[in-house]
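Visitor: Could you walk me through this one, a question at a time?
Guide: Gladly, have a look first.

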Amino acid sequence: MNMQTGSKPITLLFNPSIYIAGARALLLGWAAIFLAGLLGALSATHFDGVLDVHTNPTGSPPTPLWFFICEGFIAWLCLTAALLITGKLTAPGGFRVIDLAGTQALARWPTIFISLIALLPGYQRFTAYLLDQLLNRGGHFEFVTPDAFAFFCVVLVMTVLVCWTVYLMYKAYSVSCNVTGPKAVVSFIVAVIVAEVCSKTILYFLMRAI
Amino acid sequence: MKQLPTTCPSCSGELAARRLHCERCGTEVEGRFDLPLLVRLPIDDQTFLLQFLKADASLKEMARILGVSYPTVRNRLDAIIEQLKRSESGKKGKK
């Protein structure tokens, strides 16, 4: 009996929820979020929102390690909560919260690559240069063409990775709540917007508290 | 054994049995016999349901057997149930 939609490696890349869900997905996803946060601290990359990726290599304001790790978990929690509500409203039958939470956590695994590529020195230097220029911090950094090229390439790859992550989040929602078609797309977009606002607000207050 | 055809190859209408044959004594019964709803399902779905029953109707066990996740199995089952409901309401509408 064939329950696959394509070859297994391709399905695992673009719709892992077909094979992995529940507690297993949750543990793997949590490990991925933790690792992405850890690497994010090394590359000064923040996942400060459901769809956000920002790099700030200037070290100002100083951010503790736990904050980098918390960002990913807060983004995941906000999206899961929002999708739980839209799922309850749109799903034709019941679904398990553990499946939704697990698959949403697992969907964030490409953020590991985002944190990794942000470690590239050229990208770091050019980001620092851009921030220096934008915030008028006194011109400590120079424009270097290879760095600008590295920055452009990294941003391009990051955009693809963010799109991939969002696609995984959508597929995870679709499989775990069994919603498809326009109903799934619209409810997912609404949930992402709500979760984005919530996660940004929580992180803003958390940042102010430290 | 050949797969039982359930729709007409000419007009796609539903097929019904006209004659049944006993394999042991050769007796034949003629009449008009509607095919059961489950028989009208695609062979893949029939196999899935059979396997599901053999697995004590446990979605978790089915997920383990098929090597897929729990929601994938549940979605497949929901799709079959939906298909059965549609067939059932379609048949009632015709009566």
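What follows is a short round of questions and answers on this predicted model.

Visitor: Which element gives the largest share of the side of chain B that touches chain A?
Guide: Let's start with the contact itself: 17 residues of chain B meet 17 residues of chain A. The elements of chain B that give two or more residues to its side are α2 (43–54), α3 (59–66) and α4 (70–94). The largest share, 8 residues, belongs to α4(B).

Visitor: How do the residues of the side of chain B that touches chain A divide by type?
Guide: About 1,300 Å² is buried between chain B and chain A, with carbon and sulfur atoms giving 58% of that area. On the side of chain B that touches chain A, the residues divide into 6 nonpolar, 6 polar and 5 charged.

Visitor: How many salt bridges are there between chain B and chain A?
Guide: In general, side chains of opposite charge can pair when their charged atoms come close. Between chain B and chain A there are 6 residue pairs in polar contact, both residues being at pLDDT 80 or more. The salt bridges between chain B and chain A, however, number 0.

Visitor: Over all chains there are 11 salt bridges; how far apart in sequence are the parts that D52(A) and K200(A) tie together?
Guide: The side chains of D52(A) and K200(A) form a salt bridge, with 3.1 Å from N to O. D52(A) sits in the loop between β1 (45–46) and β2 (54–55) of chain A, while K200(A) belongs to helix α8 (residues 181–209) of chain A, so the parts they tie together are separated in sequence by 148 residues.

Visitor: What span should helix α7 of chain A have, and what is the distance between its end C-alpha atoms?
Guide: Helix α7 of chain A covers residues 145–177, which is 33 residues. At 1.5 Å a residue it should span 48 Å, and this agrees with the distance between its end C-alpha atoms, 48 Å. Just after α7(A), N178(A) has a positive phi of about 55°. To come back to your question, the expected span is 48 Å and the distance between the end C-alpha atoms is 48 Å.

Visitor: Are the rings of F14(A) and W164(A) stacked, edge-to-face or tilted?
Guide: This is a pair that links distant parts of the chain, with F14(A) in helix α1 (residues 8–14) and W164(A) in helix α7 of chain A, 150 residues apart. The ring centres of F14(A) and W164(A) are 6.4 Å apart and the planes meet at 55°, so the pair is tilted.

Visitor: Which residues does F151(A) contact, leaving aside its neighbours within four places in sequence?
Guide: F151(A) is in helix α7 of chain A. Once the neighbours within four places in sequence are set aside, its contacts are Y123(A), F126(A), T127(A) and L130(A).

How values were computed:
Residues numbered from 1 in each chain as written. Chains lettered and ligands numbered in written order. Predicted model: local features only at pLDDT ≥ 70, side-chain atom pairs only at ≥ 80, totals over all residues. Heavy atoms only, no water. Contact = heavy atoms within 4.5 Å. Buried area = accessible area lost by both parts, 1.4 Å probe. Salt bridge = Lys/Arg side-chain N within 4 Å of Asp/Glu carboxyl O. Polar contact = N/O pair within 3.5 Å; in protein donor to acceptor, adjacent residues only side chain to side chain. Helix = DSSP H or I, 4+ residues; strand = E, 2+ residues; numbered from the N terminus. Nonpolar A, V, L, I, M, F, W, Y, C, P; charged D, E, K, R; others polar. Expected span 1.5 Å × (residues − 1). Phe/Tyr/Trp six-rings, centres within 6.5 Å; stacked < 30°, edge-to-face > 60°.
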